[in-house]
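Please examine the model that follows and consider how its parts are arranged. The explanation moves from a loop to the packing of helices, and then to the interior.

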Amino acid sequence: MTTLDCAAARGMLLACAEKIIESKPLLTEIDSRIGDGDHGIGMAVGMQKAKDRLEKMEACSNVYELFQEMGKTMLMSMGGASGVIFGTMFLGGTKGKEPLPALGCRDFAGLMADSLEAVRIRGKASAGDKTMVDALEPAVRAMETYGGDDFVEMLSLAEAAAAEGVEATKNLIAKFGRAKSLMERALGFQDAGATSVWIIFGAMRAYLAAMS
């Protein structure tokens, strides 16, 4: 697949929502080890609301509008830091973009790169802080360096890079949230937000691969 039109983008985002909802127990378990244990619950609530919103939207002619609606819905329904950060992951990169009926790989990589920057500004987190940025940043960099035009190939690289980022969080000391207070005791445990990012890119890749 070389272009992502509105229909494909809607289906892909719905697949992300469904996979996160399905992963609620896993995310809750991971977050319970070093966090407040509510990440899976919050993500599932936000993604269910986003899923409901996307399903009710009338046909659109601008792909970015789908990402905007998903991000805004998560932001409004989740609350807390996760709502802001994951809402920004979908919404932040759409600002200032000219409407497009379909995205190529470069367009999508640019969208996610701008979202990453928006996330870093909103959350004040950088790679190495044991947050979702540790998975999002390598995923974005993998897409930016991809030279082809096949979405499945590009998202496979992003998924793999995000997985490596999740693994790397096990060796990091957190600088945000409850895990920050644990300091060295948080070593050996992966970050729940980073795990969600990996799941999202995996859902994107799997959906588009099934369509190809």
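Lys130 lies in the loop between H6 and H7. In this predicted model, the residue has a positive phi of about 65° although it is not a glycine. Is Lys130 buried or exposed? Lys130 counts as buried because its relative accessibility is 3%, and the cut-off for that class is under 20%. Lys124 is also found in the loop between H6 and H7. Its phi is near 60°, again a positive value in a residue other than glycine. Lys124, however, counts as exposed, at 65% relative accessibility. The loop thus offers a buried lysine at position 130 and an exposed one at position 124.

The helices on either side of this loop can be placed by their residue ranges. Helix H6 spans residues 105-123, and helix H7 covers 133-145. H6 packs against helix H5, which runs over residues 80-91. The axes of H5 and H6 come within 8 Å and cross at roughly 160°. Angles over 145 degrees count as roughly antiparallel, and H5 and H6 are therefore roughly antiparallel to each other. H5 passes H6 in a right-handed crossing. On the H5 side, the residues involved are Val84, Ile85, Thr88 and Met89; they meet Met112, Ser115, Ala118, Val119, Arg122 and Gly123 in H6.

A second helix pair can be described in the same terms. Two packed helices are described by the angle between their axes and the distance between the axes. For H1 and H3, the angle is about 150° and the axes are 8 Å apart. That angle makes H1 roughly antiparallel to H3. The crossing of H1 and H3 is left-handed, whereas that of H5 and H6 is right-handed. H1 contributes Arg10, Leu13, Leu14, Cys16, Ala17, Glu18, Ile20 and Ile21 to the contact, and H3 contributes Met43, Ala44, Met47, Gln48, Lys51, Leu54 and Glu55.

The next topic is the aromatic residues. How many aromatic pairs does the structure hold? There are two. In one of them, the rings of Phe67 and Phe108 have their centres 6.1 Å apart and their planes at 55°, so the pair is tilted. This pair links distant parts of the chain, since Phe67 belongs to helix H4 (residues 63-78) and Phe108 to helix H6, 41 residues apart. Phe67 is buried, with a relative accessible area of 0%, and Phe108 likewise counts as buried at 0% relative accessibility. The other pair joins Phe108 to Phe151: the ring centres are 5.9 Å apart and the planes lie at 70°, so this pair is edge-to-face. Phe151 is in helix H8 (residues 151-169), and so the pair ties together parts that are 43 residues apart in sequence. Phe151, too, counts as buried, at 0% relative accessibility. Phe67, Phe108 and Phe151 together form one aromatic cluster.

Phe108 also leads into the largest nonpolar core. Which members of this core, 61 residues in total, touch the most other members? They are Met89, Phe90, Phe108, Leu136, Met143 and Phe201. H1, H3, H4, H5, H6, H7, H8 and H10 each supply at least two residues of the core. The largest share, nine residues, comes from H1. Phe201 shows how such a member is surrounded: beyond residues up to four places away in sequence, Phe201 touches Met89, Met112, Leu136, Ala139, Met143, Leu155, Ala158 and Glu159. Among these neighbours, Met89 and Met112 also take part in the contact between H5 and H6.

Leu27 provides another view of a buried site. Leu27 is placed in helix H2 (residues 24-34) and is buried, with a relative accessible area of 0%. Not counting residues up to four places away in sequence, Leu27 touches Ile20, His39, Gly40, Ala192, Thr195, Ser196 and Ile199. Of these, Ile20 is also one of the H1 residues in the contact with H3. For a sense of separation, the C-alpha atoms of Leu27 and Ala127 are 20 Å apart, and the two residues are 100 residues apart along the chain.

Definitions and conventions
Residues numbered from 1 in each chain as written. Predicted model: local features only at pLDDT ≥ 70, side-chain atom pairs only at ≥ 80, totals over all residues. Heavy atoms only, no water. Phe/Tyr/Trp six-rings, centres within 6.5 Å; stacked < 30°, edge-to-face > 60°. Helix = DSSP H or I, 4+ residues; strand = E, 2+ residues; numbered from the N terminus. Buried < 20%, exposed > 50% of the residue type's maximum accessible area, 1.4 Å probe, protein only. Contact = heavy atoms within 4.5 Å. Core = buried A, V, L, I, M, F, W, Y, C linked by side-chain atoms within 4.5 Å. Axes fitted to C-alpha atoms, helices over the stretch in contact; angles between N-to-C directions. Parallel < 35°, antiparallel > 145°, perpendicular 65-115°, else oblique. Left-handed = near helix turned anticlockwise from the far one by under 90°.
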